[in-house]
Every structure is written in structure tokens, then in C-alpha cells.
Amino acid sequence: MTETTPVLELDRLKEAVKGSAAAFRCRRRLQPAGGEGDKVFPPTFAGAVYATEKRRVPGQEEPVECVLLDSVQSQANRMELALQEAIDAGKITMPLLVVDFTEHGPTGDVEADKEAGKLIDAVGKVTSLQVPHRLADAILRDSELDGVAFRVSDKGRAVNQVSLANATPLLELCPTALVFGMWDSTGPKGGLGPKFERAMVSEIVAVGAEVGDLRRGVRRDPLEIRAAVKVKKAADKSWTVAEPKAKGNGIDAPSGVNHSSIIYPEQREKKTDKNSYDGATIHYAEQTTTLSLICLRRLRFPVKGAPSADTDAAARTVLAALGLAAATLAFESGMGLRSRCLLWPDGPMEWELLERPGATPAKFSLTGDAAIKLLNDAITSAETVKLPWAKVPILLKPSQELVKLVRLSQLEATKESSETT
């Protein structure tokens, strides 16, 4: 980026969103923080394998061995975490659902806690930016709003009617579902529940990699619910925690009601020596981040049932600003992906606007502070056309069955720990 690269401001963003531009794009090369040639550790998942593949790289005649350093899903999680940190710091406000486990946490009196069915370990508060499946997550589904199951409350029922033509309820409750994608597969419509594709996509791939063993996996459940604690499913899709050692029809692992971590099937053949993987040396890493404006233009945002081109444009602009802010806040200063995988970019973030086929993309700079200002300006502008944007979180309480499931999972974790020591 040069000193003359303009900062992306609201008027230019509005113009891009309302026009025919396809996307914003940011591509950056990165190296290990220890310098070129230092070893990095890709993610390792089920089956003790890294995710490798050969890719065609510009300037290379033959496909090059590459390894995934951070997946699209993981990059989305990091961007959501960056938004959560900005909220906690008071820099931005946005619609948010919060499940509060505080009153169920331990008091320090072990016997009293046991009698009251308190959690062994404090969970605190879990927000819609932290749960794996955003607004469609089982943690939100199995919590209550004013004593009523969330999905049958007035606000929760509105989610049942969302579509591309009516994305307003998602904007009001969980706008990141429209930026990073959502599938309401555990709602009342099951697999026919509404789907929203990802507008923001980012991944990091190491190019020219020498690696060992390879594997893949999935994001962990923040409640650490254990498969050993069984549930009993009813015909109406509700569930209760099963009695210990219960068997028979309807008895299932928590994953059967969309709780706990679910491991993907192995994607590649296992090596016989599971301890043989030991990081990778790479030529360089590349992060590719795109924000699809085409995807955002498919969304409509009627207010009180009335469609409006002005509210559509304002909502899409807010979502674009939200995506750009999330990426900038998460990635501008490098990325600490995991232990021994700290990456440092060759240069600052620079966004390109893919505006017209064949034309040289316009370039824009965007620092974290500038991204926050852009988002706040977009929100202020959207409020002038009466677009809803809640600034106070909606507080949910976990259902008694969810609390019980978490508590028994914590007990199981304690038992597993004592058995291995």
C-alpha cells in the first residue's frame, strides 16, 4: 500500500454496494513470525492428518504442494471474536443474543452447589458471536427469553419466516448470520430451514509446503458437552437428559440434538505412525479474503412488511461495513493461529474493489480505527431510514435441561481427567 491509497469512506462504500461492483478483495502474503524458513504448525484434526492438496500457483508451471493453515470456518470464527472484543471494549454496538449461565455457576460451597444442581465450572455468558452456528445454534434454541423457549418466543418465531426476501429479522437479531452464513437446520423446518450463504470468505494457505501426517476437524463446542452424557429424544424433537446407563429407543449422544463437538469423517488415509507429523516448512503463506457484494444484493429488508429500496441499500451497506470491520480488526496486525503458527504479513491490509470486468481494481486502505468509524457511520446512516439496529443485547437464560446437560458433562470431564492421572 502506498501513501496515496485512499481510505475507504462511507460514500464510496454506498456507491459500491448500490452499483454493480462484484466484491471487495484483500490478498496478502505472510511469513512465520520467526522469519522465512521457520516451522509452522497447521491445524491437526481427526485421523491425525493435515489438509494438503496441490494447487496451481501463478508463475509455477506445475501444481505446488500446499497445506491449509486456517479454514474458511476458522477465519469466520476469528472475525466474530474480533467483533466481540470491539463490543467489549465499547467501540461498536450491534444486535447480540447473550445466554447467561451466571446464576447457575458455582458459589464455592461444594455441598450446597451439589444440592442445588449448580455447575462445577463457571460458564459465564455465551453470545451469538461465540456459538458455532450463529442464530441457528442449539445453545440459543435451548435457552429461554422471558421464561419461554427462545424459538417459540415472539422474537424467535420471527426467525422461522426469514428468507432472501425478508432478511430483516436476522439483521435485528444476528447480522453476522448474513455476513458469515447460516443454515437453520435444527429449527422447526429441519433440513428445509432457511439458508444464507457466506458473503465474507477468507482462508490462509501455505504454498510450497513440506509436511508430515495430515488430518481435519471441526470447531469445538464452547460448553464442552460430553458424549458420555446421554439424552432422550421425544417425537416432537424435544429432549431431556437421560438417566445414567439408560438404553433403548430415543437414547442418543448430545450430538443427536446438536450439542457437543462433532468430528468430521477422516478425509485421507491415516499414516501408521500417528506421531510422525511435526509441523511444516513453507515457501510463504497467502491469505485471501473476499466480501461478495453480489451476495448482499440478494437480500431484502422490509420494515414492518413494507419493502423499500432505501432500507435495502442501507442494510446492505451496514453488512458490508460489518464484514470489512471484522476482517480488518481480526487480521491487520498479523495472525496468531495456534501454538507455533504466528504469521506476519508482508505489508498492511489493502482492499481492492472489483468494480468492472477488465478494469484495474480501485484500491483502498482500512485500519482498525477507520473500519470502526466506517461501520458506525453506516449504522448512523441506516437509522435515518428507520432500519432496526439494536444496541442493547437480548438476554436469554439457559433451560434447566441445558444446565443439567452442561453440569453432567463437566462431571464427566472431571471423571475422565481423574482416570487419566
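**Exercise 1. Work out how strand 6 (residues 143–145) and strand 21 (residues 394–398) pair, and over how many bridges.**

Step 1. Strand 6 and strand 21 run antiparallel to each other, and two bridges hold the pairing. Here a strand is a DSSP run of E with at least two residues, numbered from the N terminus, and two strands pair if DSSP finds at least two bridges between them.

Step 2. For a spot to look at, find Glu144: across from Glu144, in strand 21, stands Lys397.

Step 3. Now zoom out. Five strands make up an open sheet with mixed pairing, in the order 5-4-21-6-7. Strand 5 (125–127) and strand 7 (148–149) sit at the edges with a single partner strand each, so one side of each has no neighbour in the sheet.

Before going on, a word on the model: it is predicted, so local features need pLDDT of at least 70 and side-chain atom pairs count only at pLDDT 80 or more, while totals for chains, interfaces and linings use all residues. Residues are numbered from 1 along each chain as its sequence is written, and side-chain values use heavy atoms, with hydrogens and water left out.

**Exercise 2. Find which strands pair with strand 16 (residues 284–292).**

Step 1. Start with strand 1 (residues 23–32), which runs antiparallel to strand 16 and is joined to it by eight bridges. In this pairing, Arg29 faces Glu286 of strand 16.

Step 2. Next comes strand 10 (residues 200–207), again antiparallel to strand 16, over eight bridges. This time Ala206 is the residue opposite Ala285 of strand 16.

Step 3. A bit of background helps here: strands of a sheet pair through backbone hydrogen bonds, in either a parallel or an antiparallel way.

**Exercise 3. Count the disulfides, then check Cys66 and Cys174.**

Step 1. Take a disulfide as a pair of cysteine sulfur atoms within 2.5 Å. The count is zero.

Step 2. Cys66 is in no disulfide, as its nearest cysteine sulfur belongs to Cys341 and is 15 Å away. Cys66 is also buried, at 2% relative accessibility; buried means under 20% relative accessible area, exposed over 50%, and partly exposed in between (1.4 Å probe, protein chains only).

Step 3. For Cys174, the closest cysteine sulfur is in Cys295, 15 Å off, which is too far for a bond. Cys174 is buried as well, with 1% relative accessibility.

**Exercise 4. Look into the salt bridges: how many are there, and which parts do some of them link?**

Step 1. A salt bridge needs a side-chain nitrogen of Lys or Arg within 4 Å of a carboxyl oxygen of Asp or Glu. The total is 21 salt bridges.

Step 2. One of them joins Glu65 and Lys54, at 3.1 Å from N to O. Glu65 is in strand 3 (residues 64–70) and Lys54 in strand 2 (residues 52–55), so the pair ties together parts 11 residues apart in sequence. Glu65 is partly exposed at 27%, whereas Lys54 is exposed at 57%.

Step 3. Another pair is Glu350 and Lys363, at 3.8 Å from N to O. Glu350 belongs to strand 19 (residues 350–354) and Lys363 to strand 20 (residues 362–365), 13 residues apart. Glu350 is buried at 17%, but Lys363 is partly exposed at 40%.

Step 4. Glu383 and Lys391 also meet in a salt bridge, 3.2 Å from N to O. Glu383 is partly exposed at 31%, and Lys391 is partly exposed at 45%.

Step 5. Finish with a network of salt bridges, which links Arg12, Glu15, Glu355 and Arg356.

Terms used:
Helix = DSSP H or I, 4+ residues; strand = E, 2+ residues; numbered from the N terminus.
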